[in-house]
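Student: I am new to this structure and should like to look closely at a single part of it. Could you please take one residue as a starting point and build the surroundings from there?

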Amino acid sequence: MKHFVLFLLFAYSISFGQSKHITNLAYGKSPQQILDLYIPNENLKDLPVVILLHGGAWSMGGLEYTSKHAQDIADKGFVVANVDYRYVSDNISAKDLLADIDAAVGYVSEASNKYGYAKEKYHIVGISAGAHLALLYGYTKKNMISITALCAPSRLDSSEAVEFMRKNGHLDIIEKLAGAKIDVNGTNDALIKISPFNNISNIPTLLIHGDADNLVNVSQSQNLYNELKRKDVETKLIIRKGKGHDVGMNTLETEIQNIDDITAWIMLHNK
């Protein structure tokens, strides 16, 4: 009897805590086409809805990479969809990953009929490779009302980026992402096509980057920020001093700062 009571208390804490966590919702047929929904236990009508994308060089990782961040954002009173997507391969490129995100957004929109949150006007947040995808999806699909990108590779066609990828042995991953072979000494139209820098549209964009990032140089966000300003797109750049590629998301104090900045940006643009 005692164990049964403890079980009921545990179940109660899951159902009536700060948010419900509904796991492994399939938005497609691939095992990676899944998402987790975090839904606050309150009136959902006017709450912001966030699409969250993990990093992993487009070729590794999953929902576990961003589960804590998803929970932290949800605990601020946001509906969060933590979205997984397929890895790049010889048969899967950026266009397929963008299709995954679009299918996930469609699933979240349809699920609103069941749970009662907003059906459209969502915000998208990404980290690393997920930040690249958040920017590219947001700018090309134009159905998000704000974008937040942490340590984003934003200009893959620059000679510095191509040389960096070559030196670090990631050129094959970028070729799979682009769906084309890369000429390290020439112009690469396929890279231009998948670079957020070259696909900007008028969507408010928050950029957060560590100035000690040794995987994606802070200049990627600085240059994108300057281009956004030049094109009169509302934007903000936050540089985390001394932080590497995790932008401090693995350090409690800095993660709190990042979550506060992300949620403040979203609330500023939630309409």
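Tutor: Asparagine 24 counts as exposed because its relative accessibility is 54%, and the cut-off for exposed is over 50%. The model in which this value was computed is a predicted one. Asparagine 24 belongs to strand β1, which covers residues 19-26. Its backbone deserves attention as well: asparagine 24 has a positive phi of about 55°, although it is not a glycine. Most residues other than glycine have a negative phi.

From this residue one may turn to the strand that holds it. β1 runs antiparallel to strand β2 (residues 34-40), and 6 bridges join the two. Within β2, isoleucine 34 stands opposite alanine 26. In general, strands of a sheet pair through backbone hydrogen bonds, either parallel or antiparallel.

The wider sheet is open and has 8 strands, in the order β1-β2-β4-β3-β5-β6-β7-β8, with mixed pairing. At its edges are β1 and β8 (235-240), each of which pairs on one side only. On average, and with direction ignored, neighbouring strands of this sheet are turned by 15° against each other. Helix α4 packs on the sheet, where it touches β3 (49-53), β5, β6 (144-150) and β7 (205-210). The direction of α4 makes about 155° with that of β6.

Two of the strands touched by α4 also pair with each other: β5 and β6 run parallel and are joined by 6 bridges. Histidine 123 stands opposite serine 146 in β6. β6 is mostly covered, with 7 of its 7 residues buried.

A second residue invites comparison with asparagine 24. Serine 128 lies in the loop between β5 (122-127) and α4 (129-141). Phi of serine 128 is near 60°, again a positive value in a residue other than glycine. Is serine 128 buried or exposed? Serine 128 counts as buried because its relative accessibility is 11%, and buried means under 20%. Asparagine 24, by contrast, counts as exposed.

Serine 128 also leads to the largest pocket, which has a volume of about 800 Å³. Of the 35 residues that line this pocket, the closest to its centre are Ser128, Pro153, Leu215, Val216 and His245. The elements that give two or more residues to this lining are α5 (159-167), α6 (171-178) and α8 (219-230). The largest share, 4 residues, comes from α5. By class, the lining of the largest pocket divides into 17 nonpolar, 14 polar and 4 charged residues.

The second largest pocket has a volume of about 200 Å³. Its lining includes Ser93, Leu136, Thr140, Leu177 and Lys193. At least two lining residues are supplied by each of α3 (94-115), α4, α6 and α7 (189-193). Here α3 gives the largest share, with 3 residues. The lining of the second largest pocket has 7 nonpolar, 3 polar and 2 charged residues. Helix α4, which packs on the sheet, thus reappears in the lining of the second largest pocket.

Note on methods. Residues numbered from 1 in each chain as written. Predicted model: local features only at pLDDT ≥ 70, side-chain atom pairs only at ≥ 80, totals over all residues. Heavy atoms only, no water. Buried < 20%, exposed > 50% of the residue type's maximum accessible area, 1.4 Å probe, protein only. Pairing = 2+ DSSP bridges. Axes fitted to C-alpha atoms, helices over the stretch in contact; angles between N-to-C directions. Contact = heavy atoms within 4.5 Å. 1 Å grid on protein atoms, 1.4 Å probe; cavity = no way out; pocket = protein on both sides within 12 Å on 5 of 7 lines; lining within 4 Å. Points joined across faces, edges and corners; volume = space filled by probe spheres on them. Nonpolar A, V, L, I, M, F, W, Y, C, P; charged D, E, K, R; others polar.
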